[in-house]
Each structure stands twice: as structure tokens, then as C-alpha cells.
Amino acid sequence: MEASLEGAKNQFLALVKKMQSPIPRWLDSIEVEIGEEIRKVNCDLLQGAVNSMGTGDIGPSLISADGVALTHRRIGKTTLHTKYGVISIRRLGYSLRGLDS
């Protein structure tokens, strides 16, 4: 299983176990705590889903709209700010050698 997905699963199971604790707490503090933890779980789930999609590798080259074979391949990484937190995205870009993808 993808590491981010495994992490999300473990975080969720830990949260469930914690909520089963008989320790008395105020309901609004429990609500805040659950909200924070679930955002972390959702962020890891989203990261795992993106990672599972791969880098977008479609082969050794890509033919552009104007018929040029783009054979230079390079992995690019960017971050995305989501409502759950920041995730990273890795994608394979195609270009001509010496040009940006």
C-alpha cells in the first residue's frame, strides 16, 4: 500500500481508539480535536491518491500539436494547497532538449 494511504489508515485507527477512551472531555474540545485529526487524515488520503496516479508517464516521447516529437523527459514537482493541507505533486514533462516542458 502507498505510504501516505497507510499513514492515513493508521491515523484514523488511532483517532477511533482515542475517541473510545473513557476520559471525560468537553464536547466542543472533542469536536475541535476530531476536526484537526480528520483534516490530517484527509490530507494523507489525498496525497496517497495523487501518488497512486503516478507521474503521467505516457512513453518515451510525446508528439506535440504541431507534430514535433518531444523526447526530453523531466520530472517536475509542485505543491498544492488544499482545504486539508499542502500536498506535493510529481509529474513528468516532455520537451525538446534545452527547452522547458
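His-72 sits in strand E3 of this predicted model; strands are DSSP runs of at least two residues (E) and helices runs of at least four (H or I), both numbered from the N terminus. With a relative accessible area of 14%, His-72 counts as buried, buried being under 20%, exposed over 50% and partly exposed in between (1.4 Å probe, protein chains only). Residues are numbered from 1 along each chain as its sequence is written. Because the model is predicted, local features need pLDDT of at least 70 and side-chain atom pairs count only at pLDDT 80 or more, while totals for chains, interfaces and linings use all residues; side-chain values use heavy atoms, with hydrogens and water left out.

Setting aside residues up to four places away in sequence, His-72 touches Gly-93, Tyr-94, Ser-95, Leu-96 and Arg-97, where contact means heavy atoms within 4.5 Å. With Arg-97 there is also a polar contact, side chain to side chain, at 3.2 Å. A polar contact here is a pair of N or O atoms within 3.5 Å; within protein, one must be able to donate a hydrogen and the other to accept it, and residues adjacent in sequence count only if both atoms are side-chain atoms.

Strand E3 runs antiparallel to E4, and 10 bridges join the two; strands are taken as paired if DSSP finds at least two bridges between them. As one example of the register, Ile-75 has Leu-92 in E4 as its bridge partner. Four residues lie between the strands of this hairpin, and Gly-85 there takes a positive phi near 145°.

Thr-82 belongs to that same stretch, in the loop between strand E3 (72-81) and strand E4 (86-95). Its relative accessible area is 21%, which makes Thr-82 partly exposed. The Thr-82 side chain is busy with the backbone of the loop: one of its polar atoms lies 3.1 Å from the backbone nitrogen of Tyr-84, and a polar atom of that side chain is 2.7 Å from the backbone oxygen of Gly-85. Neighbours within four places in sequence aside, Thr-82 is in contact with Leu-46 and Ile-87. Leu-46 is 36 residues from Thr-82 in sequence, yet their C-alpha atoms are 9.2 Å apart in space.

Next come the charged pairs. The whole structure holds four salt bridges, each being a side-chain nitrogen of Lys or Arg within 4 Å of a carboxyl oxygen of Asp or Glu. One of them joins the side chains of Glu-33 and Lys-18, with 2.4 Å from N to O. This pair links distant parts of the chain, since Glu-33 is in helix H2 and Lys-18 in helix H1, 15 residues apart. Glu-33 is buried at 17% relative accessible area, whereas Lys-18 is partly exposed at 42%.

Another salt bridge stays inside helix H2. Glu-37 pairs with Lys-40, and the closest N and O atoms are 3.4 Å apart. Both residues lie in H2, three residues apart, which is about one turn of the helix. An α-helix has 3.6 residues a turn, so residues three or four places apart point the same way. Glu-37 is partly exposed at 25% relative accessibility, and Lys-40 is partly exposed too, at 45%.

Strand E3 takes part in a salt bridge as well: the side chains of Asp-57 and Arg-73 meet at 2.9 Å, N to O. Asp-57 lies in the loop between H2 and strand E1 (62-63) and Arg-73 in strand E3, so the pair ties together parts that are 16 residues apart in sequence. Relative accessible area is 45% for Asp-57, which is partly exposed, and 34% for Arg-73, also partly exposed.

That leaves helix H1. H1 (residues 3-19) has 17 residues and spans 24 Å from its first C-alpha to its last, close to the 24 Å expected at 1.5 Å a residue; the expected span is 1.5 Å times one less than the number of residues. Ser-4, Ala-8 and Leu-15 are buried in H1. They cover an arc of only 45° around the axis, so they fall on the same side of H1, with the arc taken from the directions from the helix axis to the C-beta atoms. The buried residues of H1 pack against helix H2 (27-52), while Ala-3 and Lys-17, on the other side of H1, are exposed. At the N-terminal end, Glu-2 caps H1, with a side-chain oxygen 2.7 Å from the backbone nitrogen of Ser-4.
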